[in-house]
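Look at the fold shown below, and follow the chain by its strands and helices. The report starts with one hairpin and then widens to the whole chain.

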Amino acid sequence: MKSLLFQLILASFVLLNSDNNVNAGVTSVFVRMEYPSKDIPLDNEAFAVPTGHNAPQQVHITQGDYDGKAVIISWVTADEPEASKVQYGTSKGKYEFTAEGKMTNYTFYKYKSGYIHHVLVDDLEYDTKYYYKIGTGDSAREFWFQTPPMIGPDVPYKFGIIGDLGQTYNSLSTLQHYMESGAETVLFVGDLSYADRYQYNDVGIRWDSWGRFVERSTAYQPWIWSAGNHEIEYFPYMDEVVPFRSYLQRYPTPHSACKSSSPMWYAIRRASAHIIVLSSYSPFVKYTPQWEWLREELKRVDREKTPWLIVLMHVPIYNSNDVHFMEGESMRAVFEEWFVHHKVDIVFAGHVHAYERSYRISNIRYNVSSGDRYPVPDKSAPVYITVGDGGNQEGLAGRFSDPQPEYSAFREASYGHSTLEIQNRTHAFYHWNRNDDGKKVPTDSFVLHNQYWSSSSRRRKLKKQRLSRALGRIASY
Ligand SMILES: [Fe+2]
């Protein structure tokens with residue numbers, strides 16, 4: 001019955017849209033900005049400080065290892081440097097285990113951060129709900145998270161994709177709609193707090209408010225971080241010249257588990273997906289550490305175990321908006337050939353404050369002396385999706401290039417978020433959901449066919465495997 005239902009949903013999706021269709025693209029004339037592009041005032045309840053002396057705040061978790069059996073739990077205590085300790089267990093209120101981590105703090109101009117705690121909780125069971133407690137006495141707080149199922153080729157899993165979020169009422173709408181989606185993990189494509197739009201001590205204060213703002217989700221499920229330009233914070237006039245300082249202090253990533261030399265670029269495996277996070281603002285040309293690491297990481301991808309290969313970056317490689325046009329060209333020149341060779345399924349980016357989806361196209365035959373100088377349809381290429389429409393204070397990027405380039409399938413200047421619902425090794429459902437008068441409205445959707453398993457020889461092999469398993473089950477009755 002379940003599989004019949006899946007077939008029906010799939011058939012209706014295929015009728016609607018599919019990643020292999022190359023039709024004239026759609027520029028949606030709908031523009032939706034519900035609220036002014038202004039940050040929510042600091043005294044708003046969206047940024048409420050938890051009650052109790054030194055109560056943990058800004059709680060967030062991310063995956064802590066390569067395969068999903070660990071989380072890093074982070075939080076801030078504003079007043080005192082208490083122990084970085086997490087108590088946890090599989091029953092609410094019964095905490096059989098304890099993990100300890102480390103504490104850090106930093107100054108930014110004259111702002112002094114609170115005490116930032118990071119604790120790795122590892123050796124967890126797959127597919128298990130864990131409850132955890134941080135803080136002490138009356139100020140202690142309790143949360144929970146669910147570990148992913150064991151890595152496997154047909155493990156269903158639902159990811160959310162959010163970018164350029166900020167802390168406006170539009171951001172709040174995006175966050176609330178995302179939380180209604182039932183997705184289990186956020187793939188965040190950079191530009192977190194937009195604290196760098198402030199000056200002097202307000203920069204640190206707006207990092208803190210953003211941490212409290214997103215806690216409603218980040219305390220309960222992992223957000224997989226990537227950095228954008230708003231994380232750079234290069235401010236010589238304040239003597240702040242070390243890039244990404246606030247971001248790196250606050251948002252750790254499991255980079256050492258995948259042999260990356262920097263928290264700015266790394267990879268994780270989760271359920272049936274291999275997720276690669278790249279840094280648009282770290283060196284990536286040939287022979288740089290990021291380039292060397294990616295070359296090796298792509299060799300480690302095993303599509304028999306994790307069929308879905310997803311790349312996150314901040315600056316889109318294909319973007320037909322007037323804003324940030326061609327900014328991803330340098331990374332395209334370096335990495336696009338690898339993406340096509342390794343049959344990356346989908347590349348998510350942010351940066352442009354609008355939504356756009358490409359067809360499967362590539363421009364790898366271009367070189368400076370000869371060859372095609374325009375993206376051409378390419379079945380081995382990823383779908384490129386820009387989801388920089390979280391809702392920050394800079395507002396929407398409303399001017400698209402006209403006419404719409406052939407590579408662009410759908411584009412709209414509204415706020416929202418995406419979900420990617422993996423069904424099995426061959427199919428996933430993708431949605432972009434617009435924020436529309438307080439409602440979440442699915443606006444763009446298609447069926448994503450897995451790049452590796454869609455090759456005809458592998459499909460035949462898979463059919464044979466499934467048939468022999470079915471026959472085995474019949475024989476065992
Ligand atoms: Fe950006």
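In this predicted model, strands E10 and E11 form a hairpin with six residues between the strands. Gly135 in this hairpin has a positive phi near 85°. E10 covers residues 129-134 and E11 covers residues 141-146; the two strands run antiparallel and are joined by six bridges. Within this pair, Tyr132 stands opposite Phe143 of E11. Strands of a sheet are paired through hydrogen bonds of the backbone, in either a parallel or an antiparallel way.

Which strands make up the open sheet, and in what order? The sheet has four strands, in the order E2-E3-E9-E6, and their pairing is antiparallel. Strand E2 (57-63) and strand E6 (102-104) are the edges, as each of them pairs on one side only. On average, neighbouring strands of the sheet are turned by 20° against each other, with direction ignored. Helix H3, residues 201-218, packs on this sheet and touches E2 and strand E3 (71-77). The direction of helix H3 makes an angle of about 55° with that of E2.

At the other edge, E6 is held to strand E9 (residues 115-121) by three bridges, and the two run antiparallel. Lys102 has His118 in E9 as its bridge partner.

Two spans of the chain carry domain names in an unreviewed UniProt entry. The table gives the record's name and residues, then the computed content of each span.

| UniProt annotation | Residues | Helix | Strand | Distance between end C-alpha atoms |
|---|---|---|---|---|
| Purple acid phosphatase N-terminal | 56-147 | 0% | 53% | 22 Å |
| Purple acid phosphatase C-terminal | 381-439 | 0% | 51% | 34 Å |

The protein chain as a whole contains seven helices and 26 strands. Its C-alpha atoms fill a box of roughly 60 × 60 × 50 Å along the principal axes. Why does the overall size agree with a compact globule? A compact globule of 477 residues would have a radius of gyration near 23 Å, and the protein chain has 22 Å, so the two agree. Of the 477 residues, 47% count as buried. Among contacts between residues at least 6 apart in sequence, 72% join residues at least 24 apart.

Confidence is the last topic. The average pLDDT of the protein chain is 93, and 94% of the residues score at least 70. Over residues 10-16, however, the pLDDT is below 50. Beyond near neighbours in sequence, this stretch has six contacts in the model.

Technical notes: Residues are numbered from 1 along each chain as its sequence is written. This is a predicted model: local features need pLDDT of at least 70, side-chain atom pairs count only at pLDDT 80 or more; totals for chains, interfaces and linings use all residues. UniProt positions are given in the numbering used here, feature names are shortened, and annotations may be inferred rather than shown by experiment. Two strands pair if DSSP finds at least two bridges between them. Axes are lines fitted to C-alpha atoms, for helices over the stretch in contact, and angles run from 0 to 180 degrees between N-to-C directions. Two residues are in contact if their C-beta atoms, placed from the backbone, lie within 7 Å. pLDDT is the predictor's confidence in each residue, from 0 to 100. The radius of gyration is taken over C-alpha atoms; the globule rule is 2.2 Å times the number of residues to the power 0.38. A residue is buried if 20 or more other C-beta atoms lie within 10 Å of its own, exposed if 12 or fewer, and partly exposed in between; C-beta atoms are placed from the backbone.
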